[in-house]
Amino acid sequence: MTSVVTVEMPQSTRPMRRALALARKALGTTSPNPAVGAVVVKEGVTLGEGHTLPPGQSHAEIVALGKAGTRAEDASLYVTLEPCCVQGRTPPCTETILAAGIGEVHVAAGDPNPRVDGRGVVELRAAGVRVFTGDGEEEATELYRAFAKHIRTGLPFTTVKFAMSLDGKIATHTGESKWITGPRSRRHVHEMRRRCDAIMVGVNTVVRDDPQLTARDRSGNAFQRQPLRVVVDSNGRTPCGARTLKEPGSTLIAAVNPPEARVDALRAAGAEVLRLPAGAGGGVDMAALMEILGARGVVDLLVEGGGAVLGSLFDAGLVDRVASFIAPRIIGGATSPSPVEGAGIDAMARVLRLGDVSVKRLEEDILVVGYPAPGN
C-alpha cells in the first residue's frame, strides 16, 4: 500500500476497529470504488459513522459527517483509507472534512490511487488539521489489496479458492465432491462470494456439479446483490438449463469459437456470451479475459475451479491470493482429481511459493490463505 508519514499509535483503537467493521460491511457493493468506513468521535462519544455507498453516491466520510452535523467541529475523524482530494463522481472528501471543522483525522492506510497517493494527507495538514496514520494499518492494508491492484493495473485481484481432502483430492474417482468440507467452511465461502465482484468457474464444473454460484445467507436465501458469474467455456458447452443461468444476477460465458447455434441458445437462456482469443492450448486467453473483467469494474475476482481453470491461471501468473480449505479426510485414488491442473512446474526450484500465510480453524477444517511471494 501507499505509505505516508506514520505516527506510532495503538493498533486498531476502538473507533478505528468500528470503522474497519463498517468498511468490511460495504465490501462487494462499492466497486470500482474501495469500501471505506468512517467514524466521527468527540470526547469519547460517537457522533456519526458510515461506509462507502454504491458508485455515484456518498463516500464514507461524507456519510459520517452528515450524521454528525454541526457537532463535528473540532471532533476526530477515523477513516480506513486516506480521504480523496480529487473530483470524481463526487466532490473531494478533503473539502467536506475542512468545511466541517474536523480537528484531527486518523487514517489507517494511504490511498494507492496515483491521483491521491498521500496528497489527501498533505492537503489536510496544510489546512491545519492534525493527521495521524498507522492506526489499523495492517488490517486496512489487507482490506485494500484488491483495490490497490485494480487502481494501478486495471486488472482484477484474483483469489483462487478450492476445498480438498488431506491427501489433496477435490472429488472421488467417480467425480463426487459434495461435501468435502463442513458447514462452517461453506458459510465462509458464501461470505467470500458476498464480498467479491465476480465468481469464475470452468464449464466442466458447471456440467458436472450444476452449481448455483450465488452468495447466500445462513438460511440458504440469495443476497439481493449478487456477483457476476463467469463461466470459462471455450466451445459453449454450458447447458441452457444450468442453474447458474436461472439465479438472480448475471452470467457471462467466456468462449473462443462456439457454434452460432449455441451462442443463440445461451443468449436466449439469459447468458451474455463473450468471444475471446485463444490462449495456450486453445482455451480462453485468460489474460485477455482479465483485462475485460477489469475494464468492467471487477476489482475482486473469486475463482472456484475447476482444476483446468486454476491451472491456466497459475501457469499465466495471474493468481494474487490462494484460499485452500483442507478437510481431515482421505479420498485416495490414482485418478481422483486434484485442485490445480495446467502445465505445472517441472522442477522444485521453480515451484510457486506463498508468503504472508495465515491459518484459520473452521470447526474440523483448516483454511490456509497465502499470496504468491515476490520473485516467483
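The questions below concern the core, salt bridges and surface charge of a predicted model. In this predicted model, local features need pLDDT of at least 70 and side-chain atom pairs count only at pLDDT 80 or more, while totals for chains, interfaces and linings use all residues. Residues are numbered from 1 along each chain as its sequence is written, and side-chain values use heavy atoms, with hydrogens and water left out.

Q: Which element gives the most residues to the largest nonpolar core, and how many?
A: A nonpolar core is a set of buried Ala, Val, Leu, Ile, Met, Phe, Trp, Tyr and Cys residues joined through side-chain atoms within 4.5 Å. The largest one has 38 residues, and Val40, Leu77, Ile97, Ile102, Val105 and Tyr144 touch the most other members. Elements that each supply at least two residues of this core include α1 (14-26), β1 (37-42) and α2 (60-68), helices and strands being DSSP runs (H or I, at least four residues; E, at least two) numbered from the N terminus. The element that gives the most is α1, with 6 residues.

Q: How many salt bridges does a search of the whole structure find?
A: A salt bridge is a side-chain nitrogen of Lys or Arg within 4 Å of a carboxyl oxygen of Asp or Glu. One network of such bridges links Glu142, Arg145, Arg321 and Asp356. The search of the whole structure finds 16.

Q: How many residues apart in sequence are the parts that Arg145 and Asp356 tie together?
A: Arg145 forms a salt bridge with Asp356, with the closest N and O atoms 3.3 Å apart. Arg145 lies in helix α6 (residues 145-153) and Asp356 in strand β13, so the pair ties together parts whose separation in sequence is 211 residues.

Q: Are Glu304 and Arg193 buried or exposed?
A: Glu304 and Arg193 form a salt bridge whose closest N and O atoms are 2.7 Å apart. Glu304 is in the loop between β11 (300-303) and α11 (307-315), and Arg193 is in helix α7 (residues 183-195). Buried means under 20% relative accessible area, exposed over 50%, and partly exposed in between (1.4 Å probe, protein chains only). Both Glu304 and Arg193 are buried.

Q: What is the relative accessible area of Arg225?
A: Asp197 forms a salt bridge with Arg225, the closest N and O atoms being 3.7 Å apart. Asp197 counts as buried, at 10% relative accessibility. Arg225 is partly exposed, and its relative accessible area is 28%.
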